[in-house]
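Here is a short, friendly briefing to read alongside the model. Take a moment to turn the structure around before you start.

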Amino acid sequence: MNLLQAINPVAFSLGPIEVRWYGIIIACGIILAFIVAQREMVKRGFHQEYLTDLLIWGVPLAIIGARIYYVIFKWDFYSQNPEKIIQIWHGGIAIHGALIASFLTAYFFTRKRGTSFWKLMDIMAPSLLIGQAVGRWGNFMNQEAHGGEVTRTFLENLKLPNWIIEQMYIEGKYYHPTFLYESVWNIIGVIILILLRKVNLLRGEMFLFYLTWYSVGRFFIEGMRTDSLYLVGELRTAQVVSLLAIAISIILFIYRRLTIKPAVRYQDK
């Protein structure tokens, strides 16, 4: 029996402007990720303003990248409605697009500053997962990015609180809370990455672990979703990108282990 109403995706209004929970949650994820990364960056020898300078470029470009990626794989629609391409407030962004834009921004930023891309990304790896884990709750507020239909009993057996169960009740049916599966997967990844800092892996391997961990989880969770972007036919874009990321990470791990001498480690200055 449905006991609670769905959460209103609009947190509050400022005149004609609606401020949505999605945007608030994404902002909170960015702030939390920044706080976690900032302390470690200073500890590892970066200037205190380095991360702020990077995010001034990185956040807007990540949003643009997320939108471009989504539009590309929905081009049949946007080619017929070009005026809607910039209407990001109506929805339509993809995390893989944001990540690609962020990695490219970080690469060119480190080149310009004369710093190590791999060192920066090792430090940022836990924060990337933190931002992604928090951001998925924006999908929860919007009742989107969910999986296929399930029963209420299934959700109750997961020991979920009632407010999550009821938010997964959409148009008369219950759905897999895939946002929650991915959020939990990412939080576990954060814990592992924090522990790996003490292992003192070779430089770059923290970032490669992040890519592999996130991609493995995304591959399986994506297969449960009902709103996937498709490359062709039933081939899900996110699953293809995830497999490519896993393969590239493994190849780079092996290649760098065999070729980079002397070996520079995470805790080295």
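Why do the ends of helix 8 (residues 178-199) lie as far apart as they do? Its 22 residues, at 1.5 Å a residue, should span 32 Å, and its end C-alpha atoms are 32 Å apart, so the two agree. The expected span is 1.5 Å times one less than the number of residues. Helices (H or I, at least four residues) and strands (E, at least two) are DSSP runs, numbered from the N terminus.

**Model and confidence**
- This is a predicted model, in which local features need pLDDT of at least 70 and side-chain atom pairs count only at pLDDT 80 or more, while totals for chains, interfaces and linings use all residues.
- Residues are numbered from 1 along each chain as its sequence is written, and side-chain values use heavy atoms, leaving out hydrogens and water.
- The protein chain has an average pLDDT (the predictor's confidence in each residue, from 0 to 100) of 93, and 99% of the residues score at least 70.
- Among the elements, helix 9 (residues 205-222) has the highest mean pLDDT, 98, and strand 6 (residues 230-232) the lowest, 87.

**Around helix 8**
- Buried residues (under 20% relative accessible area, 1.4 Å probe, protein chains only) of helix 8 include Phe179, Leu180, Glu182, Val190 and Arg197.
- The buried residues of helix 8 pack against helix 1, helix 5, helix 7 and helix 9 (contact: heavy atoms within 4.5 Å).
- Asn200, with a positive phi near 65°, follows helix 8.

**Helix 4 and helix 9**
- Ile95, His96, Leu99 and Phe103 of helix 4 meet Phe207, Tyr210, Leu211, Tyr214 and Arg218 of helix 9.

Notes:
Buried < 20%, exposed > 50% of the residue type's maximum accessible area, 1.4 Å probe, protein only.
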